[in-house]
Amino acid sequence: MKRHRRISAVGVLALAALVSGTGAGLAAATTPSAGAEATHAFDTAPATATAMATATANVPTPSFQGTLPAPTGPYAAGEDVIHLTDASRPDPWVPSSGPRQLAVTMVYPAAPGTGTPAPYMTLAEAAGHIQHAKIPASSGVTPQNLSSVTTHAFDGARPQRGKHPLVVLSPGFGDPRMVLTSLATDLASHGYVVALVGHTYEDSGETLANGQTPPCAICDDPNLDMDTVTASRALDVSFVIDQLTHGNTAWPRAHLIDKHEIGMAGHSIGGAAAATTMVADPRVRAGVNMDGTFSPAPVPGRIKRPFLMLGAAVYHSASGGDNWGQAWAAFGGYQKWLAVTGANHPSFTDVDLLEEEAGFPTPPLSPERGVVITREYVTAFFDQTLKGIHSPLLDGPSPNNPEVLFQP
């Protein structure tokens with residue numbers, strides 16, 4: 001199996017989705033997988049149920065109350081969840097399930113004070129994530145309180161007028177789409193329509209139009225080729241773009257989208273998929289890879305459009321052993337490579353912040369800083385490449401963000 005290892009032995013806590021180290025998974029390494037390279041702090045807990053019961057007797061279970069940071073832009077974040085079916089394509093992982101089905105969260109610029117608070121995920125999605133990530137009951141994380149994390153997104157909010165660039169977001173392998181919610185809401189608050197794509201059967205569960213929430217079908221495949229995963233995600237994303245830019249049958253608010261200004265960002269394998277999608281679909285004008293090994297590595301001359309590589313310095317600095325140097329040399333357009341000191345693999349998602357709120361250990365970079373850095377640099381990149389708004393933040397090191405090192 002081609003391992004997408006993102007976590008060194010000193011990387012600590014939230015491992016990727018239990019199999020190949022590609023996602024972020026809340027408390028994912030409570031029991032490490034064979035492919036894991038780090039151990040969760042809770043791995044030292046008593047191994048047997050009897051010992052665990054003895055150790056936790058008379059210790060009250062904490063109550064988890066998760067809250068994501070509020071968006072920083074002038075607009076509120078509206079939210080709709082849509083369900084799409086690609087009748088031309090059987091599901092690549094479970095063909096017997098029929099045509100490829102996708103759940104997509106649309107986040108858009110909205111008028112403040114309208115709509116109702118949106119849940120973080122469905123109860124079934126929350127239960128699936130808790131089971132997949134092996135989150136212990138002693139953490140106090142339940143399907144009810146995980147699904148109820150405060151998102152600062154609002155169902156049915158009144159949209160802002162005008163047309164806005166579209167940014168597609170793709171999560172890490174094993175992770176549900178919701179772990180990129182704090183980035184999605186912030187982009188929407190700055191004038192972007194965001195399509196947060198759930199890749200069915202590739203994560204802990206996405207609730208589909210029929211109400212079912214199927215678990216990951218490929219996470220335990222020892223022979224899985226991650227190039228196949230990114231190729232499939234490219235097809236998912238191009239289909240979503242088709243549906244959102246051809247009329248408004250897929251999403252009634254599709255008139256908000258400027259179909260000539262489209263970008264894509266992803267975390268881990270989702271970041272690798274951004275490059276694969278750009279090779280296959282010229283409509284995607286700019287891409288962002290957040291801490292993911294490219295799979296496959298870009299070939300010189302194939303991508304001549306803007307690309308941002310934003311990753312943890314421990315994995316993705318110019319002196320590192322990953323294939324980011326090869327990718328950097330292959331890109332032909334406007335490009336930036338930023339390495340964040342103290343970050344771990346999940347620092348670019350909601351996961352570290354939620355783990356901190358649940359009482360788990362956190363990396364040297366505070367989860368709050370991870371969210372701030374991710375939001376600021378991704379938004380600045382899309383402002384410059386999709387809106388034509390120059391951002392001095394991308395010109396070089398900033399005293400306000402000393403953790404961000406410009407490479408190479």
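## Strand β9 and two buried residues

Strand β8 (residues 284-290) is joined to β9 by four bridges, and these strands run parallel. Here strands (E, at least two residues) and helices (H or I, at least four) are DSSP runs numbered from the N terminus, and two strands pair if DSSP finds at least two bridges between them. This is a predicted model, in which local features need pLDDT of at least 70, side-chain atom pairs count only at pLDDT 80 or more, and totals for chains, interfaces and linings use all residues. Residues are numbered from 1 along each chain as its sequence is written, and side-chain values use heavy atoms, with hydrogens and water left out.

On its other listed pairing, β9 runs parallel to strand β10 (residues 335-340), with six bridges joining them. Individual partners are easy to look up:

| Residue | Opposite residue | Strand of opposite residue |
|---|---|---|
| Val288 | Leu308 | β9 |
| Leu310 | Leu338 | β10 |

Strand β9 (residues 307-312) is largely enclosed by the rest of the structure, because six of its six residues are buried. Buried means under 20% relative accessible area, exposed over 50% and partly exposed in between (1.4 Å probe, protein chains only).

Now to Pro171, in the loop between β5 (164-170) and α4 (181-189). Pro171 is buried, with a relative accessible area of 0%. Beyond four places in sequence, its contacts (heavy atoms within 4.5 Å) include Val197, His199 and Ile269.

Thr245, in helix α5 (residues 226-245), is also buried, at 13% relative accessibility. Beyond four places in sequence, Thr245 is in contact with Ile257, Lys259, Ile262 and Arg283.
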